[in-house]
Amino acid sequence: MSLRRITAIAIAGAAALGIVAGAGAHLVFPSGTRTPALALPELHGQMTWVAGEHLAPKFTLHNVLGGSTSLTSTRGRPTLIAFLDSRCQSLCPLIGRAIGDVQRSLPASARPSVLVVSVDPAGDNPASVRSAVRRWRIGPGWRWVSGTRSQLAAVWRTYGIVVEPTSNDIRHGAALYLVDPHGYQRAGYLAPLLPNFLALDIRRVEAEPT
């Protein structure tokens with residue numbers, strides 16, 4: 001899939017929501033498998049990967065609330081990886097609220113781990129992160145990670161997230177990734193997210209044989 005095509009999908013999703021500033025208009029998914037237009041998809045992301053095909057790029061960053069967090073620490077259960085700004089007022093709250101909706105739609109034992117990778121290392125801090133999580137109603141099981149700009153840039157790059165600071169905002173890609181319990185990327189989603197479909201995908205990858 002070409003960069004022009006993927007960018008068009010991202011822009012179309014943002015336009016549908018009436019989003020202008022702060023929207024993730026630039027987004028590149030790593031190579032994957034497009035679901036045929038007329039086929040019933042196994043998973044509902046705009047980009048999907050078969051089980052065992054694409055190991056999610058590993059990273060270790062510091063937890064904004066203390067300590068460090070690695071992607072491998074979430075092995076054994078489905079994981080959602082989001083790229084957000086705790087002070088964002090446009091697209092990030094929509095993604096954050098969708099994650100909260102997904103959590104509440106699932107029984108506690110089936111809820112995914114949530115890793116939020118900062119796109120604003122200078123602005124995200126314990127107070128702003130806790131405030132965002134509270135507003136978006138994200139439940140237990142989340143970790144918000146950050147680092148130096150160079151550390152984060154390496155993670156953004158491997159997940160196809162473009163981050164462009166402006167004079168008064170941060171434009172960034174807004175993909176959400178689903179990683180299965182074995183650490184493989186399974187689907188990538190663009191806003192607007194459909195929590196019911198995302199919950200179905202989480203249950204599906206969790207139920208797959210080991």
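So, what share of the 210 residues in the chain is buried? Buried residues come to 50%. One thing before I go on: this is a predicted model, so please keep that in mind throughout.

Let me start with the overall picture. We have five helices and 10 strands in this chain. If you take the contacts with a separation of 6 or more, 75% of them are between residues 24 or more positions apart. As for the outside, the chain exposes about 9,800 Å², and carbon and sulfur atoms supply 55% of that.

OK, the inside. In soluble globular proteins, nonpolar side chains tend to be buried together. Here, the largest nonpolar core has 34 residues, and the ones touching the most other members are Leu84, Ile99, Trp144 and Leu176. Which elements feed into it with two or more residues? Those are β4, α2, β5, α3, β6, β9, β10 and α5. Helix α2, residues 91–105, gives the most, with six residues.

Have a look at Leu176 if you've got the structure up. Skipping its neighbours within four places in sequence, Leu176 is in contact with Leu80, Ile81 and Ala82 on one stretch of the chain, and also with Ile99. Then there's Ala187, Gly188 and Tyr189, plus Leu193 and Leu198. And that isn't the whole interior: there's a second, separate core of 22 residues, which includes Leu71, Ile161, Ile170 and Val179.

Next up, helix α4, residues 149–158. Its buried residues include Leu152, Val155 and Trp156. Looking down the axis of α4, the buried residues fall within an arc of 100°, so they line one face of the helix. What do they pack against? A whole set of strands, it turns out: β2, β4, β5, β6 and β7. Flip to the face turned away from the buried side, and you find Ser150 and Arg157, both exposed. Just after the helix, Gly160 takes a positive phi of about 70°.

Right, charges. Side chains of opposite charge can pair when their charged atoms come close. Searching the whole structure turns up five salt bridges, and I want to show you three of them.

Two of these share Arg186. Its side chain meets that of Asp180 at 3.5 Å, N to O, and it meets that of Glu208 at 2.6 Å, N to O. Glu208 sits in the segment after α5 while Arg186 is in strand β10, so that pair ties together parts 22 residues apart in sequence. Put together, Asp180, Arg186 and Glu208 are linked in a network of salt bridges. Buried or exposed, you may ask, for Asp180 and Arg186? Both are buried, and Arg186 has a relative accessible area of just 3%. Glu208, on the other hand, counts as partly exposed, at 23% relative accessibility.

The third one is within a helix. Arg203 and Glu206 meet in a salt bridge at 4.0 Å, N to O. They're three residues apart in α5, so about one helical turn separates them. Arg203 is partly exposed at 40% relative accessibility, and Glu206 is partly exposed too, at 31%.

Staying around α5, there's a nonpolar patch on the surface. Leu194, Phe197 and Leu200 make it, and it covers about 290 Å². Leu194 is found in the loop between β10 and α5. That loop also holds Pro192, and the peptide bond from Ala191 to Pro192 is cis, with omega near 5°. Worth a click on that one.

A couple of loose ends on the backbone. Which residue has a positive phi although it is not a glycine? That's Arg137, with a phi of about 60°. Arg137 lies in the loop between α3 and β6, and at 52% relative accessibility it counts as exposed.

And last, a long-range pair. Glu53 and Gln185 are 132 residues apart along the chain, yet their C-alpha atoms are separated by 8.0 Å. Glu53 lies in the loop between β1 and β2, and it counts as partly exposed, at 42% relative accessibility.

That's my tour. Happy to go back to any of it.

How values were computed. Residues numbered from 1 in each chain as written. Predicted model: local features only at pLDDT ≥ 70, side-chain atom pairs only at ≥ 80, totals over all residues. Heavy atoms only, no water. Buried < 20%, exposed > 50% of the residue type's maximum accessible area, 1.4 Å probe, protein only. Helix = DSSP H or I, 4+ residues; strand = E, 2+ residues; numbered from the N terminus. Arc of directions from axis to C-beta. Contact = heavy atoms within 4.5 Å. Patch = residues over 30% accessible without salt bridge, like charges linked within 9 Å, V, L, I, M, F, W, Y side chains within 5 Å. Areas by Shrake-Rupley, 256 points an atom, 1.4 Å probe, with all protein chains shown as cover. Core = buried A, V, L, I, M, F, W, Y, C linked by side-chain atoms within 4.5 Å.
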